[in-house]
Amino acid sequence: MLEAYGSALAYLFGNPSSFLLIIFSVIWGIAFGSVPGLTGIVGVALLIPFTFVFDPTAGLLLLSGVYVGSTFGGSISAILFNTPGSPEAACTALDGYPMAKKGQAGKALGIALASSAIGGIFGTIVLMLLAPPMAQFALNFGPPEYFALAVLGITAISAIGGGSVLKGLVAGLLGLGIATVGLDPITGTERYTFGNLSLLTGISFVPAIIGTFALAEVLQRAGERTSTADVITDVSTKLPSMKEFLATRFTLLRSSSIGAFIGALPGVGATTAAFISYSEAVRWSKRPQDFGTGVAEGIAAPESANNSAVGGSMIPLLALGIPGSATTAVMLGGLTIHGIIPGPLLMETNTQLVYTVFIGMFVANILMLIFGIRAARYFALVLKAPYALVGPAIVVLCMTGVYALNSNIVDVGVMLAMGAFGFLLRKLQYPIASFVIGLVLGPIAERSLRQGLVISDYDYWDFASRPITAVLLIGSLASLIYGFYGQWKRHQIAQAAKLSRGQSG
Amino acid sequence: MLSLKTATVAAFVAGTVLAAPAAIAQDYPSRTIEVIHSYGPGGGTDRFIRAVGVPFEEIAGQSMVPISIQGGGGMPAYANFQQRRVDGYTLMAISPDQIIAHVLGRIEMDSFQPLARVQYDQGMILVPASSPFQTIQEFMEHARENPGELNVGITNAAGFDDTVMGLWNIETGAEVTTVPFGSSEMVSNTLGGQVDAMHEEYGPARGLIDSGDMRPLVVFSDERLPVLPDVPTAVELGYDVTLGRWRAFAMPADADPAQVDTLFGLVSEAVASDSYQEVQEQAALQYRSELLGPEEFQAFIDSEIEVYTRVLDALGLTD
């Protein structure tokens, strides 16, 4: 192993240009991540032809650097404009934007950046030390386990309501419902497509979140007459104080672990990792009702998880030749074009390549800290402009970005419709978080439930009694009951308080 | 030395000048050609377009780029293809998935002008190393005694994989159950023993076969693959299952015939290039990937429609 790192270092220092490549790729990644619609996948796919010019190692360094940078990049626009630049950052907007609105944009960006770096380095270390055993362990996760994991995330919607459990559940169910549009995952039958060919893909996630977050926000701001009332002024990117940061240490550790593991599961990626760790942060918090109003844990959890998932999703790619996420699937294609055969033998036959990428990802995470601060500062300059200019610019950017994603005009329509829908949810005070969690985790839950049932021949007991599944499902149920009990108890206390006030008054 | 150099320059200039009138008469293609496909970036079809695109650019002087419009059983990609101008710069990469969509009445194959069928892959049933089944006979014996008990991982519901496995069930008279996954989950669920086997082509599974983590039991082809001499074909076992995934280019139905000719000439040159042949060999695609031109390809499409109609009818999927 040491020998492998030796040859990797020899490669890096023998090719000083590779450091330039990493620097370029991180900046490129942050840029793609932060512009709505231009996701990390687009950033990676665009660079694939350029990797032909380099040797495979340099090519993979380039692509993994973009992956690292883009996963953080999305959080900048999510925090400053409530416009998640990439799907991974959707969850960050839930608390990042409210914190920025409170005049603490700098603190929010600082937490996001530091959490991203910690999560990213955590994920890379897991990748370096545990790739083969983690990949083997992840193989124990079949459809029933995926289902239980998604349910665990979904149950948190009852806690996120921000007051009304009912509204949280309704919003969550709406998300689950919208996620069923498109082709049935098992039979291929059309559902709710109304004969529209473009709706067969379902409600694409990126247009949907850009609509519900960014467009709805612009609509709401346009509706508020006094748009100067909540101008974000603090735009310095100071890292949070040590004390503030230490307060989130358990969240960071838990979220980074969740991120690395979920990243290692094929077929689910950083976005799922961010939402599940957000759900867990809510579940374990002493003040779950504060989530969504701008709490530090609400930023630290998704940001450390999604960056940790980057390292995690490289695990099955390098250890088994199976991509752990959409972005690594594109990387796999890049490797194959170079004549490298991805598979379990990759780590043995291409040691130098694999270990160079390990070191490269480590370096990329550190570079992300440096460039992230700069990028955030440039972006923050936009905040100095009046919202009457920024708002329409965001709308134009969202529309072009969403169109660019698939050159599909229907996506723009989806974004506009979801924008109106998101605006309505806000007006009626339904939590966006619950809605988006339903939208993200719903398809995973549905698909894996039905795959699992086909495999177990519709034996529900067989399905639910698998050890990992059973533990996760019981945990979900317990947390659900505990959540309702907590709500009921708070209600009782409030009633008692009202009653005693009434008596004394 | 100097004279040699001068001679080379002279020859080069002469060549350019002589070639110039031809280039003016034939100024197509004069910009990038976009190839729409319905699979993920980095997937088999995306790589196929890129592999042809590299030599194509050297030959034609214009690039050929894949445009990925994913999901929805290929319908959104098809809709996008139809919305575009017919100017010779938009192609679509088609495969058996379009034939299936045609048979199911979702699209019209008449809306394509076949250009070139380039690849013709061969699928196989693979089991994980831990599987108790060493041969396809053992596997099928179990399937016959326990109908529906064996699960085979496939990609995409009601698509090409499903059709092949459906035909396999019809031909063998045994019954295996298909479980649709995304392609990476299909592999992890097979490796992890969640399903008993999977259907996949040689190229994507090669790494796992080489490492011994997966064992191919049968290949859907007329002849055994030279790279896997011990793996029997379905045909030699008496089951007529040779459906393979093919990858091809098509233009819109009302494309300019002159452009079709020019483009086919360029594509066939690109396919003949060393760089493309290397890519093809790596995925063991060279065995039945005979390049078909517009007419032959049209005939092939017609025969495929017949085959798939028969299979999908038998599976009860058509109305």
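Helices and strands here are DSSP runs, numbered from the N terminus. The model is predicted.

**View 1. A cis peptide bond sits between Y28(B) and P29(B).** The omega angle of this bond is about -5 degrees. Where is P29(B)? This residue lies in a loop of chain B, with helix 1 (2-25) on one side and strand 1 on the other.

**View 2. Five strands of chain B form an open sheet in the order 2-1-3-10-4.** The pairing is mixed. Strand 2 (64-68) and strand 4 (112-120) are the edge strands, and each pairs on one side only. On average, neighbouring strands are turned by 30 degrees against each other, direction ignored. Look next at strand 1 (residues 33-37) and strand 3 (residues 90-94) of chain B. They pair in the parallel sense, over three bridges. Within strand 3 of chain B, T90(B) is the bridge partner of E34(B).

**View 3. Helix 3 (residues 75-83) of chain B lies across four strands: strand 1, strand 3, strand 4 and strand 10 (246-252) of chain B.** The helix runs at about 155 degrees to strand 3 of chain B.

**View 4. Another open sheet of five strands in chain B has the order 7-6-8-5-9.** Here too, the pairing is mixed. Its edge strands are strand 7 (177-181) and strand 9 (214-219) of chain B, each pairing on one side only. From one strand to the next, the twist averages 35 degrees. Strand 6 (residues 151-155) and strand 8 (residues 197-201) of chain B pair in the parallel sense over two bridges. One residue to find is V152(B): its bridge partner in strand 8 of chain B is A197(B).

**View 5. Helices from chain A and chain B meet strands of the sheet 7-6-8-5-9.** Helix 19 (residues 432-455) of chain A lies across strand 6 and strand 7 of chain B. The helix runs at about 160 degrees to strand 7 of chain B. Helix 7 (residues 183-191) of chain B also packs on the sheet. Helix 7 touches strand 5 (123-128), strand 6, strand 7, strand 8 and strand 9 of chain B. Its direction makes about 135 degrees with that of strand 8 of chain B.

**View 6. Y192(A) has a positive phi without being a glycine.** The angle is about 50 degrees. Y192(A) sits in the loop between strand 2 (190-191) and helix 9 (205-223) of chain A. Is Y192(A) buried or exposed? Its relative accessibility is 53%, so Y192(A) counts as exposed.

**View 7. D457(A), also not a glycine, has a positive phi of about 60 degrees.** The loop holding D457(A) runs between helix 19 and helix 20 (460-464) of chain A. D457(A) counts as exposed because its relative accessibility is 61%, and exposed means over 50%.

Conventions:
Residues numbered from 1 in each chain as written. Chains lettered and ligands numbered in written order. Predicted model: local features only at pLDDT ≥ 70, side-chain atom pairs only at ≥ 80, totals over all residues. Heavy atoms only, no water. Pairing = 2+ DSSP bridges. Axes fitted to C-alpha atoms, helices over the stretch in contact; angles between N-to-C directions. Contact = heavy atoms within 4.5 Å. Buried < 20%, exposed > 50% of the residue type's maximum accessible area, 1.4 Å probe, protein only.
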